[in-house]
Number of protein chains: 2
Amino acid sequence: MKKGKATIHDIAEKLNTTASTVSRALNNNPRISDATKKQVLKMAKQLNYQPNNIASALRSGKSKLIGVVVPTANRNFFSSVVRGIEEIANNLNYKVIISQSYEEYDKEVDTIETLLSARVDGIIASIGKNTENFEHFQKVLDKGIPLVLFDRITDHLEVSQVVIDDYYGAYQTVQHLIKQGCKRIVHFTSPKKINIYKERLRGYEDALKENGIPFDPLLIEESNMQLEDGRQSMQHILDKKIHFDAVFSASDYAVMGAIQVLKEHHVRIPQDVKLAGFGNEPFTTFSDPSITTVDQKSIPMGRVTAETFFDLLKSGTNSVPQKTVLKPELIIRQSSQSPEEYKTLNFDQNDLTNSSY
Amino acid sequence: MKKGKATIHDIAEKLNTTASTVSRALNNNPRISDATKKQVLKMAKQLNYQPNNIASALRSGKSKLIGVVVPTANRNFFSSVVRGIEEIANNLNYKVIISQSYEEYDKEVDTIETLLSARVDGIIASIGKNTENFEHFQKVLDKGIPLVLFDRITDHLEVSQVVIDDYYGAYQTVQHLIKQGCKRIVHFTSPKKINIYKERLRGYEDALKENGIPFDPLLIEESNMQLEDGRQSMQHILDKKIHFDAVFSASDYAVMGAIQVLKEHHVRIPQDVKLAGFGNEPFTTFSDPSITTVDQKSIPMGRVTAETFFDLLKSGTNSVPQKTVLKPELIIRQSSQSPEEYKTLNFDQNDLTNSSY
């Protein structure tokens, strides 16, 4: 079957008119009569004519596409931010395409190339954990292409950024654990140089200091903070036989791993050890016990990020970079309740309305 | 700050040579001396020259981009399929961009336009639940653009497809529940006309028939099968006061909702009611009790889908559409164990190695 690629010239020839008349008719130009428009549309359909979007994008310089780079789209946090971005973008007739870096530096560099070759009008990105060189983002800026970073940001770029107050979220969480009677609080953090973990560690340290509790480096466990890392970190703490009464993990996945290991060792949660994570991933409501965590306001973050992006698109890239900081929210669940409260707590009904399902 | 858009002509002018020499040098043509190449590259860098990917894509007709349409990227199933696709694609130097339909027909139509305007070389898609008109996909086929569907497919298109054997997965699950002593098995399904739910219902019906258990329409609950839908369906069954001893849900999210409602009514799981879902979402291992479910072999499905896609790309779109069917796997966890087994089961250690974290 031959698939012809009809052009406006083919349509013009068939109708014995000019290409510019056809073009005007297709673009609904008021100078063209309705009868002609009808004829042109009919012939366009007959010839299976497809407007050349690429050429038209080249002319207008606008693809109406926003490229979003996320480490992985299946983290509830990232997918919710993307949802917030799409809400705003779609209202403005922009579309969103996603490219995943999988936390790999090389893949992240590729995502930028991928999105640029998809002709996006701009890029919104969250930086991978292993990225220490930001040249690929600098190139985007150098080309005058709008760029906004969210959550995982860097001081190495002069760029608009949207973050939550990680320090505040961590500080509130550790204050809560201390109020529950905890004094020996393990902290799971990442050795990576990205802002969010540094800020969460700072919040942990300041909450201890505020309460006159000495900082003990033996209680700090560094890892990538996936589920398996959390298991290993918890096992490592148990092996060291140091006393602890709580775990504050900078990641929900790692705290889930810690809970598994504690259960296997018949450590009672929250009676013997209280735990809190960070991120409010959906499984934190489903797990047994449900997990105290910090909600990162992901959909609002997506909306604000998109608004920042469109401001930039309007005002041009010479505008001064903005930094927006959103307040996260501590959500207290079973894993950190004191035993009395825990006994009466059956199912945290409130969580359901917060659920993204 | 002026941001110049340097062309190969600018480079040629500065170096007092021709644009075609510059172009050849940049394309590493062996006819050009290394010295000239070095000069050209240096000048290109100095002028911040960026090769015009759009123009070069127009010339070659290849963007090396694959567009993937998924209902939502944060379902573990879809994100794992995408991961499988990316594995194969990246090996072949292709990149993947994702566009989400959010199960909305209009958005799905938009995803196709979005990906085409991003100049993808082809599209891999899973159809939204609410799609009953497939014209947007037919258009892709009519344009001669390679298209492969996975999981959520349709008989209305002559197109290559990769699915799991939903019938087999459902049949195995219901057989398992019957072996555990269940006779009154509620089934959560969707009224939507997509293949997967029809096949799962057929597997449910055939397993009952095989065991001489009559089909009771009162036990069938139709919904969108999100968590909240599962809650409502379970409540509806309880309100009807009909006897039941098991729930087989065609979605993990709905079975999670059912478990919450049963717990609120102090129904013991699995002693009073046994439950099984479909999809092996990560939370099915974390929940209390952990949930019996069907693993859909999502990463292998992604790989096979990508291989089908590249076969199509190589052989051209006139090739005969292929349908590949993969076998899913029943994973038995606490929610469907008979009480004796349940008592000895503490934590399903095996699940950890299967976990995607």
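Select strand β3 of chain A, residues 122–125, in this predicted model. The side on which each residue lies can be followed along the strand: Gly122(A) and Ile124(A) point one way, while Ile123(A) and Ala125(A) point the other way. All four of these residues are buried, that is, under 20% relative accessible area. A general pattern lies behind this arrangement: in a regular strand, side chains alternate between the two faces of the sheet.

Next, keep β3(A) displayed and add strand β1 of chain A, residues 65–70. These two strands pair in the parallel sense, and four bridges connect them. To find a point of reference between them, label Gly67(A) and Ile123(A): Gly67(A) stands opposite Ile123(A) of β3(A).

Then add strand β4 of chain A, residues 147–150. β4(A) runs parallel to β3(A), and the two are joined by three bridges. Which residue of β4(A) is the bridge partner of Ile124(A)? Selecting Val148(A) shows that partner.

Now select helix α7 of chain A, residues 135–142. Together with β3(A) and β4(A), helix α7(A) makes a β-α-β unit, and this unit is right-handed.

Finally, display the whole of chain A. Its secondary structure comprises 15 helices and 12 strands. The chain has 357 residues, of which 57% count as buried. Among contacts with a separation of 6 or more, 73% are between residues 24 or more positions apart. With the surface switched on, the accessible area of chain A is about 15900 Å², and carbon and sulfur atoms account for 48% of that surface.

Technical notes. Residues numbered from 1 in each chain as written. Chains lettered and ligands numbered in written order. Predicted model: local features only at pLDDT ≥ 70, side-chain atom pairs only at ≥ 80, totals over all residues. Heavy atoms only, no water. Buried < 20%, exposed > 50% of the residue type's maximum accessible area, 1.4 Å probe, protein only. Contact = heavy atoms within 4.5 Å. Areas by Shrake-Rupley, 256 points an atom, 1.4 Å probe, with all protein chains shown as cover. Pairing = 2+ DSSP bridges. Right-handed = clockwise from strand over helix to strand, strands pointing away.
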